[in-house]
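This report describes the fold of a single protein chain, from helix packing to strand pairing. The sequence and the structure are shown first.

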Amino acid sequence: MILIFVIIAFILASVVQYLLMRRGVSGINADVYPEADSLEPGETFVLNVSVENSSRAFFPYVRYRVILPQEIEVATALSVSEYHKSSISVSGTMILPPRRKVTRQIYATCKKRGAHRFGDIYIQTGDFLGIAESGKNFYHFRQIAVYPKACPQKSAEVTYSNIMGDHSVRRFIYEDPVLISGFRSYSGREPMKDISWLASARTGELMVKTYDHTASPSVTVVLDCQGFSEEVIELCLSTARTILEELEREGIEYDFILDSSCGGSNCGQHYFSKGMGLHHLHGILRQMAFAEYFCSYSAREMAEKLMSEVRDLSGIIFITGARSESSDAACAVFRRNPALQIRTVYAQENAACM
């Protein structure tokens with residue numbers, strides 16, 4: 001009786017073995033994708049490895065191998081090895097029942113700013129006896145954007161304070177459209193342009209106008225990375241992030257333009273129109289994550305583009321690596337409008353960001 005049972009079991013195992021060897025990876029589909037598409041430098045994120053079996057076959061052994069950029073550091077206890085010169089290989093195993101999808105999670109971090117692309121996953125299946133194995137590559141386009149590094153809070157406050165100087169933040173940034181709400185006596189501290197000569201003639205003493213400001217403050221942030229080293233460009237990006245976050249805290253609306261070439265689906269977007277809030281800020285930070293180390297056009301060309309295409313310019317914060325002929329040329333373009341207030345920030349003076 002036992003012998004018959006052993007023979008039947010052997011026959012069944014042989015049939016399953018034959019079917020597994022014949023089927024290979026047919027009916028299996030695999031993908032690898034991040035749970036978030038943007039993150040802070042050094043922030044832990046999750047990569048999901050999803051393997052789906054759409055067939056009725058049972059796979060007792062499935063091995064997956066995910067290829068990731070070398071900049072990504074894996075925190076999960078999996079097999080990690082170098083794969084070529086600029087990539088790493090992360091491997092694991094699973095059992096895959098019929099009509100099932102199995103997901104494994106890889107915890108990882110990335111300290112380097114940029115758009116890190118991945119999506120290659122190799123699936124290998126084996127039989128009960130370990131005699132034969134078959135595999136298949138699956139290719140997907142996936143990427144994760146790592147924002148520029150944020151400056152320390154103290155450095156951010158000093159940078160922002162230096163930009164604004166002794167001026168009132170809101171008055172520097174925007175000369176509000178105003179309504180004259182009345183008149184008061186001249187104290188000697190008001191500018192001469194505020195004196196109302198008609199009101200002074202009526203009262204017999206110098207009178208100045210009082211105003212009701214009607215518009216919200218706003219500013220244009222301009223980021224120039226032309227001709228600088230990679231280290232200085234990173235300083236420029238971090239300084240820009242610092243200023244944008246301070247504007248958010250102050251409740252000041254802003255638009256943004258940069259001259260760096262960018263990767264990704266929004267590679268042609270260099271200008272972000274006026275806005276405020278986390279959605280607006282994260283959109284800009286994500287584009288800065290995609291910024292390359294070369295520029296689509298010069299700082300002067302960027303300034304010309306801004307001056308000709310944006311009609312409601314009021315104040316400009318011009319961020320550049322250091323003073324140069326290129327940055328001076330851009331500033332000269334801005335100064336064609338004498339009413340436009342400009343503050344220039346040299347990122348190398350803000351090295352505490354790194």
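## Helix packing and cores

In α5, the residues L237, A240, R241, L244, E245 and E248 meet L281, I284, L285 and M288 of α6. The model is a predicted one. Two packed helices are described by the angle between their axes and the distance between the axes. For α5 and α6, the axes come within 11 Å and cross at roughly 180°. Angles over 145 degrees count as roughly antiparallel, and α5 and α6 are therefore roughly antiparallel to each other.

Both helices also take part in the largest nonpolar core, which has 34 residues. The residues with the most contacts inside this core are L223, L244, L247, F256, M288 and I319. At least two residues of the core come from each of β13 (218-223), α5 (230-250), β14 (253-258), α6 (278-289) and β18 (315-320). The element that gives the most to this core is α5, with 9 residues. A second core of 29 residues is separate, and I28, Y64, C110 and I144 are included in it. Two of the residues named in the helix contact, L244 in α5 and M288 in α6, are among those with the most contacts inside the largest core.

## The four-stranded sheet

An open sheet is formed by 4 strands in the order β1-β3-β8-β5, with antiparallel pairing. Its edge strands are β1 (28-34) and β5 (72-74), each of which pairs on one side only. From one strand to the next, the twist averages 30°. The table lists the pairings together with one pair of opposite residues for each.

| Strand pair | Sense | Bridges | Opposite residues |
|---|---|---|---|
| β1 and β3 | antiparallel | 7 bridges | D31 and S50 |
| β3 and β8 | antiparallel | 9 bridges | S50 and T103 |
| β5 and β8 | antiparallel | 3 bridges | I72 and C110 |

Residue S50 of β3 thus appears in two rows: D31 stands opposite S50, and S50 stands opposite T103 in β8. Strand β3 (residues 45-53) is mostly covered, with 8 of its 9 residues buried. In a regular strand the side chains alternate between the two faces of the sheet. Residue C110 of β8 stands opposite I72 and is included in the second core.

## A loop residue with positive phi

Strand β8 (100-110) is preceded by a loop that connects it with β7 (87-96), and R99 lies in this loop. The phi of R99 is positive, about 50°, although R99 is not a glycine. Is R99 buried or exposed? The relative accessible area of R99 is 53%. Exposed means over 50% relative accessible area, and R99 is therefore exposed.

## The chain as a whole

The secondary structure of the protein chain comes to 8 helices and 19 strands. Of its 354 residues, 45% count as buried. The accessible surface of the chain is about 18600 Å², and carbon and sulfur atoms account for 53% of that surface. Among contacts between residues at least 6 apart in sequence, 74% join residues at least 24 apart.

Key: Residues are numbered from 1 along each chain as its sequence is written. This is a predicted model: local features need pLDDT of at least 70, side-chain atom pairs count only at pLDDT 80 or more; totals for chains, interfaces and linings use all residues. Side-chain values use heavy atoms; hydrogens and water are left out. Buried means under 20% relative accessible area, exposed over 50%, partly exposed in between (1.4 Å probe, protein chains only). Two strands pair if DSSP finds at least two bridges between them. Axes are lines fitted to C-alpha atoms, for helices over the stretch in contact, and angles run from 0 to 180 degrees between N-to-C directions. A nonpolar core is a set of buried Ala, Val, Leu, Ile, Met, Phe, Trp, Tyr and Cys residues joined through side-chain atoms within 4.5 Å. Contact means heavy atoms within 4.5 Å. Accessible areas come from the Shrake-Rupley method with a 1.4 Å probe; for residues, only the protein chains shown count as cover. Angles under 35 degrees count as roughly parallel, over 145 as roughly antiparallel, 65 to 115 as roughly perpendicular and the rest as oblique.
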